[in-house]
Number of protein chains: 4
Amino acid sequence: MSSAGGERIGVGLVGHAFMGAVHSHAWRNVHRIFDTPLTPVLAALGGRDEAKTKAAAAKYGFAAVETDWRDLVARDDVGLVDVCTPGDSHAAIAIAALEAGKHVLCEKPLANTVEEAERMAVAARAAATRGVRSMVAFNYRRVPALAHARKLVGDGALGEVRHVRATYLQDWLSDAAAPMTWRLRKDKAGSGALGDLGAHIVDAAQFVTGELITGVSALTNTFVKHRPDGNGAQGEVTVDDTALFLARFTGGAVASFEATRYALGRKNAMRLEINGTKASMAFDFESMNELWWHDGADPGTEAGFRRILVTEPGHRYLEGWWPPGHGLGYDHTFTHEVADFLAAIGAGTDPAPSFDDGLRVQRVLHAVETSAADEARWTPVAGTTASTATAGGR
Amino acid sequence: MSSAGGERIGVGLVGHAFMGAVHSHAWRNVHRIFDTPLTPVLAALGGRDEAKTKAAAAKYGFAAVETDWRDLVARDDVGLVDVCTPGDSHAAIAIAALEAGKHVLCEKPLANTVEEAERMAVAARAAATRGVRSMVAFNYRRVPALAHARKLVGDGALGEVRHVRATYLQDWLSDAAAPMTWRLRKDKAGSGALGDLGAHIVDAAQFVTGELITGVSALTNTFVKHRPDGNGAQGEVTVDDTALFLARFTGGAVASFEATRYALGRKNAMRLEINGTKASMAFDFESMNELWWHDGADPGTEAGFRRILVTEPGHRYLEGWWPPGHGLGYDHTFTHEVADFLAAIGAGTDPAPSFDDGLRVQRVLHAVETSAADEARWTPVAGTTASTATAGGR
Amino acid sequence: MSSAGGERIGVGLVGHAFMGAVHSHAWRNVHRIFDTPLTPVLAALGGRDEAKTKAAAAKYGFAAVETDWRDLVARDDVGLVDVCTPGDSHAAIAIAALEAGKHVLCEKPLANTVEEAERMAVAARAAATRGVRSMVAFNYRRVPALAHARKLVGDGALGEVRHVRATYLQDWLSDAAAPMTWRLRKDKAGSGALGDLGAHIVDAAQFVTGELITGVSALTNTFVKHRPDGNGAQGEVTVDDTALFLARFTGGAVASFEATRYALGRKNAMRLEINGTKASMAFDFESMNELWWHDGADPGTEAGFRRILVTEPGHRYLEGWWPPGHGLGYDHTFTHEVADFLAAIGAGTDPAPSFDDGLRVQRVLHAVETSAADEARWTPVAGTTASTATAGGR
Amino acid sequence: MSSAGGERIGVGLVGHAFMGAVHSHAWRNVHRIFDTPLTPVLAALGGRDEAKTKAAAAKYGFAAVETDWRDLVARDDVGLVDVCTPGDSHAAIAIAALEAGKHVLCEKPLANTVEEAERMAVAARAAATRGVRSMVAFNYRRVPALAHARKLVGDGALGEVRHVRATYLQDWLSDAAAPMTWRLRKDKAGSGALGDLGAHIVDAAQFVTGELITGVSALTNTFVKHRPDGNGAQGEVTVDDTALFLARFTGGAVASFEATRYALGRKNAMRLEINGTKASMAFDFESMNELWWHDGADPGTEAGFRRILVTEPGHRYLEGWWPPGHGLGYDHTFTHEVADFLAAIGAGTDPAPSFDDGLRVQRVLHAVETSAADEARWTPVAGTTASTATAGGR
């Protein structure tokens, strides 16, 4: 009697830190909330430290552990591999899993380099021809407010996009005495705020507008170059603390982006504002249940940004949850994400965001780093049309 | 390897509508998030319609169903009964369960009448002597922002309480064509907005202040007296659509309360503002991760209400969840609630809010109805000291 | 070349404290901003202390001073008397001025008692038959946001009014050591927060809804009964510190009102929220350029309270000021007020709010005090229809 | 008796459109509100169209008109010249007035080119040696919230500045059918959103931080290239519609700036956020009476951005106005501005912002245009130290 959601699919999750915890939560609950074509089973948890992995598996509810991800990928009871490791191992794990015929959900940024991302995208395309699905975990697409904004923009309600401004502000490095972590090492994380936070707002902006970034002018900075490594020594910070860039979109919009871990008092201010010819939208993840929408067609004396509580029956993903005004939290976005992934697998379609979408973000990140290293010079993003990739006034 | 949280305890849940769904979610996840002394097992779901109950059990993950709550209470594999039915059956189920030695979590309001609530409180006190625990499900106490406000007030940071203003505003009855439900029938629900919404703000205000309401002056209203019953006829609305009352607290504070389902545009505006001699707080559930706090000791030119994001490591319940700024939602409050209940059971202590706390709220609701029926005349709340229960003037 | 606004009219202003200063500012500027049919001239300032009055006259730009208001009223160069004294002298000055054929603007509350207000209203009606105009200075009607709300409600955009909630929260008495002032003496001020702040929200609520309050149930309180009088002794506070009341309106709406000087952290939170069958509005004077409007006809998934910046060309009073988004302040409301008064004088019509409107507010204040002294019992407001003046129940 | 503020000084104001109106308002009221060492007299208004200028003079209260600014500057009764014309005539008028020994207040941006601004700064320095004072009208420095932020930053409360983000968003060109104005012609206005709006945020950011911008990377755009000229033809828009740029400050902070007239729904969103090592501030002119301040020294569980209502007695400029919570509007900033100018003249000191400050802003605007025309390449700002003027990387 405890079944729901049809045929079972074994989930093998690699990585058991923050992302591993929240992904587990999603897999555990998704079929209890949504009508899914498949019932996920928490088959195996992967991690290099056996004791820690076993403790995490017991906590999260996994049936088994593996200390080598290759063994996890090879398990017969694993039909889907969820990659929650640091970026330096994404390509190896994801490609191996796809080649083994396992569906793959991979955390963002897709990889640490464009080259890795390209190989992953190739593997994903090849796997898709065999019915094996892949998705990159840009969970902010699954915030109901942003999903609804995308719907409105896609319906033409915003008109032509003129301005995009996106920031992702955190403050956990404000304190110069905060310790080193793998997130501050280029060899593990690829980049700093740029890949961790900037990747989210690049994807979110491309998702909501339905357009691509064609070029950037960028600046990066590292405020604190050494931090205590926990062993009494100083570790070297080899990534950016902040990245800012200007950009243009395929449709002619101009944009600014900023990612930082030094915005004292801002905890998770993933913000997106878009001004179009017909309407404008604004969003701040710190108030994630609200979408602010200005409809330019409202009479001038009655126009204003509306605070839409995105908890109504007609809003995406809300069918699974609670009545209006009973807001959702961060983890719900992951439950939505895996619901969408299971739906695509069940339907035999390619889910979004695809590895190609992840590659597109990676190319933007690469252009940002290239520009920042070259006097902020305008840098086209590979794979977008040259005609729009020009900078500066007229 | 899939165990966590120690010894198992079977949960028998009666009722499978909105509250049943959200309680199930909490029982399913609590030990995956918090360190609980007991591991809940979703043993049995109770409901009168067998087909619907079976479907719900499959969806939520219960192992069995019962169509008579007496059978559910009697099951050997049920150690805890969770009462999520309309108010008219709370007393019977809860008392039977307590007498059978089962711990009881009961939805609010505790009962439909003071007399029922008194019997339940008697039963709860008797059960406690046998180590059987009971709790009433005022989940808003488990909103981290309100839990933190309570901590600050308890620490003396607010000083003496002078003003309390509380509203609980919804709008789902704004449309005069919205259909009848059991919530609009006095025989099932006891009262309307008063018991459903007013009970929450009465408990929350008493919880955060640590004081009791001593008397009230009240007004109730039913705007729409007949609604379509779904069978082509008109059903009679026999409860209040809105209840407003003034009140005094044991410490001398004055207060206003308002509950309504007709505040067009307000979806779940459960709001509480308290002004003290040293500080003030404000809260709105529509922005549930925020506590607004004004510290009167700040220099005049730098003082202001602070928007505290209640997602920091030191905030109550946050140890189980995500990093700062990654907000929680409505369902998390239930996970906190059952975590606290399991902790109390494990520790052999009486949890709060107790059935006596539920009874105190019931007495306030009763005083409200009494006053509203008697020209809004000041009406003392039974069980609070007479000295403070005076109204008007100075 | 320095003339504007047509024929000159001499203004005699009695009182030179806070209200005198802001009224002077309005008279000095009104014809420079708006097209007025008359050009005000600051003819004479009245005050009992000659030295202080002379200093104030020089500062504000008055041509002469008078230490006896009778002399000011009698001056040939004074065609309009502006009464900015404490409430105990309103009736005497205003009635004498009206009888002398001078137009009268009188600060609120109109008087300290209903009896005084009635005599003033009689005098005003008599004067009007001779073309002499009178107005009571409820300046919040001239906040563009509230003027626009009134327009929308008057146009039927809100539908039937169901809920009104109004508060006027200040905190300047929070400190128990704050000194005595005339505002805390019943003989001078009539009442405390009730008359000073409560009068404003009563008038504003009646203005915006276009309805009258028919009855109230009330509670008042004095938290600090003695305060230092500046001479080393303790003065007795003989007015209310706070007044709260429930109310019903002629159209069937229910309401709550609260006025206090003890809401720590709230500086001038004159708030009004109205929920109707078609729309809702919300306003807070601390953000006075914003009107929040929820249109119930918006599609459910796009509905929300709109933050309307009331600085658009089509908004009332904005024709005289600055471009959109360039907000106004407190003093502008007085400039609007005297512009409306001059316009009415020029057109030979009776301006609003009239002394009768002031009397209506006075009767509500009286009912509040009566109820508060009688166990909060429901108390009809004199002059409203008995049929609606019933309380409680259904 | 109508005098206040000491010796009289005749004001000659050139230009009678929007800026002329609001400056007149300030000159008319400043000595009625503040204690000024000089009493301004509205001596003469300058404008090329005699009829229009005469009408404006009558409206604003000027005693005379001049149709040639040279005649206005030459008048004996003019001791101070206030330049409110388009930017192309600033240099000629201001330099002539300074050379004639008249104090000069000049609207922003100081000039249309760096060369003009340099000549003006030279003239101002020379005049200062003769006791003739000059000031550029960056009125946002006189918003009490920004003045208070500057004080806090100057006192060290913010620590080292790490991030600056500034936007100035309007929407009056969103409609592609909005007509041509002189503001869209490069020969009159110098630039578009850059000089009109960008100049304000550059000055405000440099003012509040106390630091200078050392280099920029920029992008400008013109969305609508032709607009109806009112004569049935299409006028060519020869300025930017929007300008965005990244920047670095002398102290090492990184920054982003954006000015636009196409942000649909944003009416006057002049926003500034600064994150430091000890605190953060945020401001939005659409809520101009609020300063948001996050104090990093607050305990983690009680920290949050404080909404400070900048209307307290200790706040700058508030001594002249109303009690706490009674907010100010746009025009008050000009009254503050001329109060500060008169105070400096009276004290014989050089006021800020000086023409040199205006020149510094002009150099930033020039660097922005240079970078935008050169593939957004990093462009140092003339006059700032080379050591800090490097971009990109680390």
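Start by selecting Phe305(B) and Arg307(D): in this predicted model, Phe305(B) stands opposite Arg307(D), which sits in E16(D). Now widen the selection to both strands, residues 305–309 of chain B and residues 305–309 of chain D. E16(B) and E16(D) pair in the antiparallel sense, over three bridges.

Next, bring up everything where chains B and D touch. Each side gives 15 residues to this contact. Which element of chain B gives the largest share of its side? That's strand E16 of chain B, with five residues. Try colouring chain B's side by class: you'll get five nonpolar, six polar and four charged residues.

Time to switch partners and show chains A and D. Here 41 residues of chain D are in contact with 40 residues of chain A. On chain D, click through the strands that give two or more residues to this side: E7 (161–169), E8 (213–221), E11 (242–249), E12 (254–260), E13 (269–276) and E14 (279–284). Colour this side of chain D by class too, and there are 15 nonpolar, 18 polar and eight charged residues.

Stay with chains A and D and try superposing them. A turn of 180° with a shift of 0.0 Å along the axis lays chain D on chain A, with an RMSD of 0.0 Å. The two copies are therefore related as by a two-fold rotation axis. Where does chain D come closest to that axis? Select Arg377(D): its C-alpha is 2.2 Å away.

Last stop: compare the two sides of the A–D interface. Of the interface residues of chain D, 98% are also interface residues in chain A, so the copies meet through the same surface.

Note on methods:
Residues numbered from 1 in each chain as written. Chains lettered and ligands numbered in written order. Predicted model: local features only at pLDDT ≥ 70, side-chain atom pairs only at ≥ 80, totals over all residues. Contact = placed C-beta atoms within 7 Å. Helix = DSSP H or I, 4+ residues; strand = E, 2+ residues; numbered from the N terminus. Nonpolar A, V, L, I, M, F, W, Y, C, P; charged D, E, K, R; others polar. Least-squares fit on C-alpha atoms with pLDDT ≥ 70 in both. Pairing = 2+ DSSP bridges.
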